[in-house]
Each structure stands twice: as structure tokens, then as C-alpha cells.
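Reader: Hi! I'm new to this one and would love a friendly walk through it. Could you show it to me before we start?

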Amino acid sequence: GQQPGKDGDLLTVEGVIKEVGAKQFVLVGTIVTKVSHIYSGNSCSRSGTFTFRQTGKRKYFRLKEMVNPCEGGNLVDYVDVYL
């Protein structure tokens with residue numbers, strides 16, 4: 001799936017859901033983010049196994065592995081999936 005944003009921002013998620021629970025799911029695949037004010041507006045791709053969790057009263061699942069790998073481990077990058 002993908003979601004465009006303003007200023008050319010884009011999120012793309014591709015892969016297979018390997019595990020589903022009441023408050024989390026595990027995706028094996030690739031997540032690409034492109035945010036105008038992160039990584040000089042360039043695309044950042046990460047591949048592997050990712051856990052999305054729903055906590056509290058949130059109506060979305062947030063990526064647990066929040067550190068943006070393209071910014072040298074110095075930036076938290078929120079990726080949320082709304083259902």
C-alpha cells in the first residue's frame with residue numbers, strides 16, 4: 001500500500017503479514033518513507049521484519065522500530081497504519 005502526503009511526501013509499504021494479534025501485527029517486507037524535512041527529502045528504504053503495535057486507546061498501529069536508518073540513528077520516524 002501507499003499514501004501520498006503534502007510537499008511530495010510518500011509512504012510505501014510492501015510485504016507479507018506474518019503474524020496477527022489483537023494489538024499487533026508483524027510485517028516482513030519493505031517500508032519506504034519520503035518526507036520533505038527528513039533525509040534532505042530523499043527516499044529512505046528499510047527492509048526486514050517490522051512490528052506494528054496498537055497501544056492505549058489509539059485507533060492506529062505504530063511501527064515499533066522507529067529509528068530512521070537513513071539519518072544515522074539520530075532521528076525517530078513515526079510510521080502509523082490506520083485501520
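Reader: What radius of gyration does the protein chain have, and what would a compact globule have?

Author: This is a predicted model, and its protein chain has a radius of gyration of 13 Å. A compact globule with 83 residues would be near 12 Å, so the value agrees with that expectation.

Reader: And what does the C-alpha trace span along its principal axes?

Author: The C-alpha trace spans about 35 × 25 × 25 Å along those axes.

Reader: Nice. How many helices and strands are there?

Author: The protein chain has zero helices and six strands. Reading from the N terminus, the order is β-β-β-β-β-β.

Reader: What share of the residues is buried?

Author: Of the 83 residues, 29% count as buried. The accessible surface of the protein chain is about 5400 Å², and carbon and sulfur atoms account for 52% of that surface.

Reader: Let's switch to charges. How many positive and negative ones are there?

Author: The protein chain carries 11 positive and 8 negative charges, and the mean positions of the two groups are 9 Å apart.

Reader: How many salt bridges does the structure hold?

Author: There are two salt bridges. As background, side chains of opposite charge can pair when their charged atoms come close.

Reader: Which residue does R46 pair with?

Author: R46 pairs with D77, and their closest N and O atoms are 2.9 Å apart. R46 sits in strand β4, residues 43–53, while D77 is in the loop between β5 (60–63) and β6 (80–82), so this salt bridge ties together parts that are 31 residues apart in sequence.

Reader: Are those two buried or exposed?

Author: R46 has a relative accessible area of 7%, so it counts as buried. D77 is buried too, with a relative accessible area of 5%.

Reader: Okay, and what is the partner of R62?

Author: R62 forms a salt bridge with D80, where the closest N and O atoms are 2.7 Å apart. Because R62 belongs to strand β5 and D80 to strand β6, the pair links parts that are 18 residues apart in sequence.

Reader: How accessible are R62 and D80?

Author: R62 has a relative accessible area of 17%, which means it is buried. D80 comes to 22%, so D80 counts as partly exposed. The cut-off for buried is under 20%.

Reader: Good to know. Now the strands themselves: where is E14, and what does E14 touch?

Author: E14 lies in strand β2. Leaving out residues up to four places away in sequence, E14 touches V28, G29 and T30. The C-alpha atoms of E14 and I31 are 6.5 Å apart, although these residues are 17 places apart along the chain. E14 has 59% relative accessibility, so it counts as exposed.

Reader: What about E19, where is that found?

Author: E19 is also in strand β2, which covers residues 10–20. Its contacts, with residues up to four places away set aside, are Q24, F25 and V26. E19 is partly exposed, with a relative accessible area of 42%.

Reader: How far is E19 from G8?

Author: Their C-alpha atoms are separated by 32 Å, and the two residues are eleven places apart along the chain.

Reader: Let's go back towards the N terminus. Which strand holds Q3?

Author: Q3 is in strand β1, residues 2–4. Apart from neighbours within four places in sequence, Q3 is in contact with D9, L10 and L11. Q3 and V13 are ten residues apart in sequence, with a C-alpha to C-alpha distance of 9.0 Å. Q3 itself is exposed, at a relative accessible area of 55%.

Reader: One last topic, the loop between β3 and β4. What is the phi of Y39, and of S40?

Author: Y39 has a positive phi of about 55° although it is not a glycine. S40 has a positive phi near 55°, and S40 is also a residue other than glycine. Y39 lies in the loop between β3 (24–34) and β4, and S40 is in the loop between β3 and β4 as well.

Reader: How accessible are Y39 and S40?

Author: Y39 is partly exposed, with a relative accessible area of 31%, whereas S40 is exposed at 72%.

Reader: Thanks, that helps me find my way around!

Technical notes. Residues numbered from 1 in each chain as written. Predicted model: local features only at pLDDT ≥ 70, side-chain atom pairs only at ≥ 80, totals over all residues. Heavy atoms only, no water. Helix = DSSP H or I, 4+ residues; strand = E, 2+ residues; numbered from the N terminus. Rg over C-alpha atoms; globule rule 2.2 N^0.38 Å. Buried < 20%, exposed > 50% of the residue type's maximum accessible area, 1.4 Å probe, protein only. Areas by Shrake-Rupley, 256 points an atom, 1.4 Å probe, with all protein chains shown as cover. Lys, Arg positive; Asp, Glu negative; His and termini not counted. Charge placed at Lys NZ, Arg CZ, Asp CG, Glu CD. Salt bridge = Lys/Arg side-chain N within 4 Å of Asp/Glu carboxyl O. Contact = heavy atoms within 4.5 Å.
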